[in-house]
Amino acid sequence: MEEKENKEDIKTVISHPQALAQCAKYIHENKLEQIEANNTAVAAKLVSEKNDKTLAAIANSITADIYNLDILEKNIDFDDAVKAWDSDLQNRLAEIKKGN
């Protein structure tokens, strides 16, 4: 049986600089390191390929589905303008989930 990843394992998040900025409070409160990527899809792809339970991507749920990542926590951004703009595109914390 595959062990389920959990958010306590996360040490580093990777995402686009805008997403990292929007989630800065969450990142700071959880004492996470940051890595910038060209976009959130690239971040999710890298997390999917790395197979490192300490690495997570900040991306939307569609991207998490594409790269078979578990969503560990939703609505981690603290930017009310983003939430008002389009709730479906709010940032989500997605972690590695290897396919069968």
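In which elements of the chain is confidence lowest and highest? This is a predicted model, and helix α5 (residues 80-85) sits at the bottom with a mean pLDDT of 46, while β2 takes the top spot at 96. Across the chain the average pLDDT is 79, and 73% of the residues reach at least 70. Two stretches fare poorly. Residues 81-90 have a pLDDT below 50, and this stretch has 12 contacts in the model beyond near neighbours in sequence. For residues 95-100 the pLDDT also stays under 50, with 29 contacts beyond four places in sequence. Where pLDDT is low, the predicted coordinates should not be read in detail, so those contacts are best left at a count.

Now to the strands. Strand β1 (residues 12-15) has cover on both faces: Thr12 and Ile14 are buried on one side, Val13 and Ser15 on the other. β1 also has partners. With strand β2 (residues 33-36) it pairs in the parallel sense, over 4 bridges, and here Ser15 stands opposite Glu36. β1 and β3 run parallel too, joined by 3 bridges, and Thr12 finds its bridge partner in Leu55 of β3.

What about the inside? In soluble globular proteins, nonpolar side chains tend to be buried together. The largest nonpolar core here has 11 residues: Ile10, Val13, Ala19, Leu20, Cys23, Tyr26, Ile27, Leu32, Ala56, Ile58 and Ile76. Two or more of these residues come from each of α1 (17-22), α2 (24-29) and β3 (55-59). Apart from this core lies another one, of 9 residues, including Ala44, Ala57, Ala64 and Leu69. Back in the largest core, Leu32 is one of the members. Leaving aside residues up to four places away in sequence, Leu32 touches Ile10, Lys11, Thr12, Val13, Tyr26 and Ile27.

Helix α3 (residues 40-50) has a buried set made up of Ala43, Ala44, Val47 and Ser48. Why do these four count as being on the same side of α3? Because they cover an arc of only 135 degrees around the axis. Ala44, from this buried set, is also among the residues of the 9-residue core. Over on the other side of α3, Glu49 and Lys50 are exposed.

The two ends of α3 have details of their own. At the start, a side-chain oxygen of Asn39 comes to within 3.0 Å of the backbone nitrogen of Ala41. After the helix comes Asn51, with a positive phi near 55 degrees.

How values were computed:
Residues are numbered from 1 along each chain as its sequence is written. This is a predicted model: local features need pLDDT of at least 70, side-chain atom pairs count only at pLDDT 80 or more; totals for chains, interfaces and linings use all residues. Side-chain values use heavy atoms; hydrogens and water are left out. A nonpolar core is a set of buried Ala, Val, Leu, Ile, Met, Phe, Trp, Tyr and Cys residues joined through side-chain atoms within 4.5 Å. Buried means under 20% relative accessible area, exposed over 50%, partly exposed in between (1.4 Å probe, protein chains only). Contact means heavy atoms within 4.5 Å. Two strands pair if DSSP finds at least two bridges between them. pLDDT is the predictor's confidence in each residue, from 0 to 100. The arc is that of the directions from the helix axis to the C-beta atoms. A polar contact is a pair of N or O atoms within 3.5 Å; within protein, one must be able to donate a hydrogen and the other to accept it, and residues adjacent in sequence count only if both atoms are side-chain atoms.
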